[in-house]
Amino acid sequence: MHEMSDFELLFFKFEMAQMDWNDLKIFHTVAEQRNLTTAADVLGMSHTTVFRRLKVFESSIGSRLFDRIQGRYELTETGLRLLGKVRIMSGIAEDAAREIVGDDRTPGGDVIVTAPSSFAQHFLPSYLLELSTLYPDIAVTLLVTNDELNMSTRQADVALRVAKSPPDHLVGRKLMSIRWGMYGAPSYFERLGKPESSQDLAGHTFIGASGRLTTLEGYTWLERQNDLLSRTHTDDLSTMSSLAAAGHGLALLPDDLSRDDLERCFTLELAGKNSLWILTHPDLRRVERINIVMRFLGEKFKTEPRLHQRGCD
């Protein structure tokens, strides 16, 4: 008779305890996050519930899965082996879910769209209203973030992304290139004049970049100009446009962030161009409602006068 290994015995005990996938999901999330509070946020549960469910799960299989070291949850040897199995199970479940969704030919259902704040605030409200009129059976959830969401696990179905090139694991198309321009408020121009080119910037004040924005070529060039003054900095482009509108100084902005209370001075060519992409997961290309949303949004952006009148192509 085959003698079960410790791990086989663990799974036998698990099956006998008749635990469900939710317990494995909690274990998986804590293992990936290594922090109970973060895992609770991801799961949408309270810290206390996750802690209690995890303890019950460990008790039911008769083995400790984590050691708590300096506030972090580190996997035991048994936990490491279980995590490998759970990852396989999770991958199979995700593949099956995408295949089922991928065969959906109905023009209705839920679609999760993710977009940067500039597009979510300035363009998508009117676009999505028109979409809901044309396709009332499609319900859109809009997630506003500049971060890449996991489309393999359907954290998002359709992504509007600004990047030089899209990730290899996603499919879609480039909608346009977006130039960078120097912007300012009329009240600022009344005080210091309106520059017509980069040669006219001497003596002007600009809003500087901080955080991740400092790596962009346009902002590094501005910081190197000794005849320019910068008193205010920010790491957010939408905030930068608001600071410029309030009269803090000139702002270097992509043209999708233009607004009625700002005037465009000139294109700063050395800042390059942004590329706007619309993307989805390959397994979702055959889903009718996702195709509808991608075609509709793609066409709206391609014909958006607020972008094209400023030279986006």
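In this predicted model, strand 3 (residues 109-115) and strand 5 (residues 158-162) are joined by two bridges and pair in the parallel sense. Within this pairing, Thr114 sits opposite Ala159 of strand 5. Strand 5 also has a partner in strand 11 (residues 273-280), and here the two strands run antiparallel, joined by four bridges. Val162 faces Leu276 across that second pairing. Strand 5 is thus bridged both to strand 3 and to strand 11. Four of its five residues are buried, so strand 5 is largely enclosed by the rest of the structure.

It helps to set these strands against the chain as a whole. The protein chain contains twelve helices and eleven strands. Of its 313 residues, 41% count as buried. Its accessible surface comes to about 16,500 Å², and carbon and sulfur atoms account for 50% of that area. Turning to contacts between residues at least 6 apart in sequence, 75% join residues that are at least 24 apart.

The strands just described reappear in the nonpolar interior. The largest nonpolar core holds 28 residues, of which Leu124, Val158, Leu160, Leu276, Val293, Leu297 and Phe301 touch the most other members. Several elements each supply at least two residues of this core: strands 3, 5 and 11, together with strand 6 (171-184), helix 6 (117-122), helix 7 (124-134) and helix 11 (288-302). Helix 11 gives the most, with seven residues. A second core lies apart from this one and has 27 residues, including Phe189, Leu201, Ala209 and Leu222.

Leu276 deserves a closer look, since this residue of strand 11 stands opposite Val162 and is also listed among the core members that touch the most others. Leaving aside residues up to four places away in sequence, Leu276 touches Leu160, Arg161 and Val162, as well as Arg173, Lys174, Leu175, Met176 and Ile178. The remaining partners of Leu276 are two aromatic residues, Phe119 and Phe301.

Aromatic contacts form the last part of the picture. A pair of aromatic rings is described by the distance of the centres and the angle of the planes. The count of aromatic pairs comes to ten. One of them joins Phe27 and Phe66, a tilted pair with 5.6 Å from centre to centre and 50 degrees between the planes. Phe27 belongs to helix 2 (residues 21-33) and Phe66 to strand 1 (residues 66-69), so that the pair links distant parts of the chain, 39 residues apart. Phe27 counts as buried because its relative accessibility is 0%, and Phe66 also counts as buried, at 6%. How is the pair of Phe119 and Phe301 arranged? Their ring centres are 5.5 Å apart and their planes stand at 80 degrees, so this pair is edge-to-face. Here, too, distant parts of the chain are linked, with Phe119 in helix 6 and Phe301 in helix 11, 182 residues apart. Phe119 is buried, with a relative accessible area of 0%, and Phe301 likewise counts as buried at 0% relative accessibility. Beyond individual pairs, Phe27 and Phe66 belong to a cluster with Phe57 and Tyr73, linked by ring pairs.

Notes:
Residues are numbered from 1 along each chain as its sequence is written. This is a predicted model: local features need pLDDT of at least 70, side-chain atom pairs count only at pLDDT 80 or more; totals for chains, interfaces and linings use all residues. Side-chain values use heavy atoms; hydrogens and water are left out. Buried means under 20% relative accessible area, exposed over 50%, partly exposed in between (1.4 Å probe, protein chains only). Two strands pair if DSSP finds at least two bridges between them. Contact means heavy atoms within 4.5 Å. Accessible areas come from the Shrake-Rupley method with a 1.4 Å probe; for residues, only the protein chains shown count as cover. A nonpolar core is a set of buried Ala, Val, Leu, Ile, Met, Phe, Trp, Tyr and Cys residues joined through side-chain atoms within 4.5 Å. Rings of Phe, Tyr and Trp (its six-membered ring) pair if their centres lie within 6.5 Å; planes under 30 degrees apart count as stacked, over 60 as edge-to-face and the rest as tilted.
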